[in-house]
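This report describes the pockets, the charged pairs and the nonpolar cores of one protein chain. Please keep the sequence and the structure in view while reading.

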Amino acid sequence: MPNISIRPARISDAKALNRYIREIYADAAFLITRPDEFHMSQWRQRYWIAKKLTTPFETCLVAVDGNEIIGMLDCWTDRRRRIRHSTCFAMSVKRSRRGQGVGKKLLLHFTKWVQKHDIIERIELHVHSDNAAAISLYKGVGFIEEGCRKGAVRYEDGRIVDDHIMALWP
Ligand SMILES: CC(C)(COP(=O)(O)OP(=O)(O)OC[C@H]1O[C@@H](n2cnc3c(N)ncnc32)[C@H](O)[C@@H]1OP(=O)(O)O)[C@@H](O)C(=O)NCCC(=O)NCCS
């Protein structure tokens, strides 16, 4: 992966990031948001990125190959004092670039960000029980399954799957 780097999203990424997210929602079987449920304009995406850049408890990382966004990871944190040591994240890699180590690189970069953070200590994630690739990635990096929301996800074809909660204290 010689040309692939991980960095925080910049405001100038807004247009490309918005297009990337639309592509991921249109394609990803294992995400909750459906394409018609994503309403963020490119303009609002600029504010969204600005907030991630200026909020110390949140980040949006992108994996880029040259100028192309090929992966994304963003985290959000409830700021109430008793729970702000724990952050939650979501991630994706462009379909044509999967299975090449991009997801692992993004996730390891994020765990380092958490290690350096003054207050955040715990990373939490939610993953559908049938998302084998993601579960394998998370377990490989050290995430432990902590809980399960039985039948919390229903697909359009009627199939119901569980929502697994996994966590890591990096
Ligand atoms: C999950 C996802 C981010 C993984 O990204 P990726 O770049 O393909 O992952 P990597 O190539 O870095 O693989 C890292 C590890 O994940 C696992 N993995 C990746 N693809 C896999 C697959 N198809 N089947 C089983 N395990 C897989 C492997 O354990 C791999 O480690 P290894 O290469 O040492 O064997 C990617 O598949 C994706 O974007 N999926 C759609 C969106 C999504 O489901 N996001 C997660 C929501 S919780």
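## Salt bridges

Lys51 and Glu58 pair through their side chains in a salt bridge, with 3.6 Å from N to O. The model in which this pair is found is a predicted one. Lys51 is partly exposed, at 46% relative accessibility, whereas Glu58 is buried, with a relative accessible area of 7%. The two assignments follow because buried means under 20% relative accessible area and partly exposed covers the range from there up to 50%.

In the whole structure, a search finds 18 salt bridges. One of them joins the side chains of Asp27 and Arg95 at 2.9 Å, N to O. This pair connects distant parts of the chain, since Asp27 belongs to helix 1 and Arg95 to the loop between strand 4 and helix 3, 68 residues apart. Asp27 is partly exposed, and its relative accessible area is 29%. A further salt bridge is formed by the side chains of Arg159 and Asp157, at 3.0 Å from N to O. Of these partners, Arg159 counts as partly exposed at 45% relative accessibility, and Asp157 counts as exposed at 56%. Elsewhere, salt bridges with shared partners join Glu23, Asp65, Glu68, Lys94 and Arg97 into one network. As a general matter, side chains of opposite charge can pair when their charged atoms come close.

## Surroundings of Lys52

Is Lys52, a residue of helix 2, buried or exposed? Lys52 is buried, because its relative accessible area is 8% and the limit for a buried residue is under 20%. Leaving out residues up to four places away in sequence, Lys52 touches Glu58, Thr59, Cys60, Asp74, Cys75 and Trp76. Glu58 thus appears both as a contact of Lys52 and as the salt-bridge partner of Lys51. Between Lys52 and Asn3 there are 25 Å in space, C-alpha to C-alpha, and 49 residues in sequence.

## Nonpolar cores

The largest nonpolar core has 27 residues, and those that touch the most other members are Phe89, Leu107, Phe110, Tyr138 and Phe143. At least two residues of this core come from each of strand 1 (4-8), strand 2 (59-65), strand 3, strand 4, helix 3, strand 5, helix 4 and strand 7 (160-168). Helix 3 provides the largest share of this core, five residues. Another core, of 16 residues, lies apart from it and has Leu17, Ile24, Val62 and Val64 among its members. In soluble globular proteins, nonpolar side chains tend to be buried together.

Two members of the largest core show which parts of the chain meet there. Phe89, in strand 4, is buried, with a relative accessible area of 3%. Not counting neighbours within four places in sequence, Phe89 is in contact with Leu73, Asp74, Cys75, Trp76, Leu107, Phe110, Ile123, Glu124, Leu125, Tyr138 and Phe143. Phe89 and Trp76 are 6.4 Å apart in space, C-alpha to C-alpha, and 13 residues apart in sequence. With residues up to four places away left out, Tyr138 touches Phe89, Met91, Leu107, Leu125, Val127, Phe143 and Met166.

## The largest pocket

How much space lies in the largest pocket? The volume is about 1,100 Å³. Its lining has 42 residues, and Leu31, Ala90, Met91, Ser92 and Tyr138 are those nearest the centre. Tyr138 is therefore named both in this lining and in the largest nonpolar core, where a member must be buried.

The lining of the largest pocket draws at least two residues from each of helix 1 (14-27), helix 2 (42-54), strand 3 (68-76), strand 4 (86-93), helix 3 (102-116), strand 5 (122-128) and helix 4 (132-141). Strand 4 gives the most, with six residues. By type, the lining comprises 26 nonpolar, 10 polar and six charged residues.

## The second largest pocket

About 190 Å³ of space is found in the second largest pocket. Among its 13 lining residues, Leu31, Ile32, Val153, Arg154 and Tyr155 lie nearest the centre. Leu31 is named for the largest pocket as well, again among the residues nearest the centre. Strand 6 (residues 144-154) supplies the largest share of the lining of the second largest pocket, four residues. This lining divides into six nonpolar, one polar and six charged residues.

Terms used: Residues are numbered from 1 along each chain as its sequence is written. This is a predicted model: local features need pLDDT of at least 70, side-chain atom pairs count only at pLDDT 80 or more; totals for chains, interfaces and linings use all residues. Side-chain values use heavy atoms; hydrogens and water are left out. On a 1 Å grid over the protein atoms alone, a cavity is a set of points where a 1.4 Å probe fits but cannot get out, and a pocket is an open set with protein on both sides within 12 Å along at least five of seven lines; lining residues have an atom within 4 Å of a point. Grid points are joined across faces, edges and corners, and a volume is the space filled by probe spheres set on the points. Ala, Val, Leu, Ile, Met, Phe, Trp, Tyr, Cys and Pro count as nonpolar, Asp, Glu, Lys and Arg as charged, and the others, Gly among them, as polar. A salt bridge is a side-chain nitrogen of Lys or Arg within 4 Å of a carboxyl oxygen of Asp or Glu. Buried means under 20% relative accessible area, exposed over 50%, partly exposed in between (1.4 Å probe, protein chains only). A nonpolar core is a set of buried Ala, Val, Leu, Ile, Met, Phe, Trp, Tyr and Cys residues joined through side-chain atoms within 4.5 Å. Contact means heavy atoms within 4.5 Å.
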